[in-house]
Amino acid sequence: MYYTGERKAMSTDRIAEMKARIPMSDVVGKFVALERIGSYWKGLCPFHPDKNTPSLTVYSDHAFCFGCKNHWDIFSFLQTHQHKTFPEAIDWLTSNLSSLPSIEGIKSQYRSVDPTIPIPYKI
Ligand SMILES: [Zn+2]
């Protein structure tokens, strides 16, 4: 369990769900101008002087910088870039990316249609 506050607790399932469902580019793209190149995104790295050639490469579930050799997931990017604690990063993701459907909503949607259809999302 990850504790997000005095009373709120978050299960590891919920953490995994957020990582699986929130595109890394949605998070990084809130702070860094990104250019799509095929299946990934490129941008100037905010963590080192990156003036000419974009070194920050953003994949679906993580980002990597070829300049400073750091890598991030949606949580560690917010922790590093926005100086947030892990619980604050979760709160930020919940409030800023709340348009994403909840996994519960998706599950019940699929189950109401046909309970034998496998859920196409890794939980
Ligand atoms: Zn960098």
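Student: What is the mean pLDDT of the chain, and what percentage of its residues reach 70 or more?

Tutor: This is a predicted model, in which local features need pLDDT of at least 70, side-chain atom pairs count only at pLDDT 80 or more, and totals for chains, interfaces and linings use all residues. Residues are numbered from 1 along each chain as its sequence is written. pLDDT is the predictor's confidence in each residue, from 0 to 100. The mean pLDDT of the chain is 79, and the share of residues at 70 or more is 71%.

Student: Over which residues from 103 onward does pLDDT stay under 50?

Tutor: Contacts are counted where C-beta atoms, placed from the backbone, lie within 7 Å. One segment with pLDDT under 50 has nine contacts beyond four places in sequence, and another has eleven. The former is residues 103-115, and the latter is residues 119-123.

Student: In what pattern do helices and strands follow one another along the sequence?

Tutor: Helices (H or I, at least four residues) and strands (E, at least two) are DSSP runs, numbered from the N terminus. The chain has five helices and seven strands. Read along the sequence, their pattern is β-β-α-α-β-β-β-β-β-α-α-α.

Student: Which strands are the edges of the open sheet of five strands?

Tutor: Two strands pair if DSSP finds at least two bridges between them. The sheet has antiparallel pairing and the order E3-E4-E5-E6-E7. Edge strands pair on one side only, and here they are E3 and E7.

Student: Which residue in E4 is the bridge partner of leucine 34?

Tutor: Strand E3 (residues 34-37) runs antiparallel to E4, and four bridges join them. E3 and E4 form a hairpin with two residues between them, and glycine 38 in the turn has a positive phi of about 65 degrees. The partner of leucine 34 in E4 is glycine 43.

Student: Which residues of E4 point to the buried face?

Tutor: A residue is buried if 20 or more other C-beta atoms lie within 10 Å of its own, exposed if 12 or fewer, and partly exposed in between, with C-beta atoms placed from the backbone. In a regular strand the side chains alternate between the two faces of the sheet. Along E4 (residues 40-43), Tyr40 and Lys42 point to one face and are not buried, whereas the buried residues on the other face are Trp41 and Gly43.

Student: Why do the buried residues of helix H3 lie on the same side of H3?

Tutor: In H3 (residues 74-81), the buried residues are Ile74, Phe75, Phe77 and Leu78. They lie on the same side because, taking the directions from the helix axis to the C-beta atoms, they cover an arc of only 165 degrees.

Student: Which element supplies the largest share of the largest nonpolar core?

Tutor: A nonpolar core is a set of buried Ala, Val, Leu, Ile, Met, Phe, Trp, Tyr and Cys residues joined through C-beta atoms within 7 Å. The largest one has 21 residues, and those with the most contacts inside it are Val27, Val28, Val58, Ala63, Ile74 and Phe77. H2, E5, E6, H3 and H4 each supply at least two residues of this core. The largest share, four residues, comes from H3.

Conventions. Contact = placed C-beta atoms within 7 Å.
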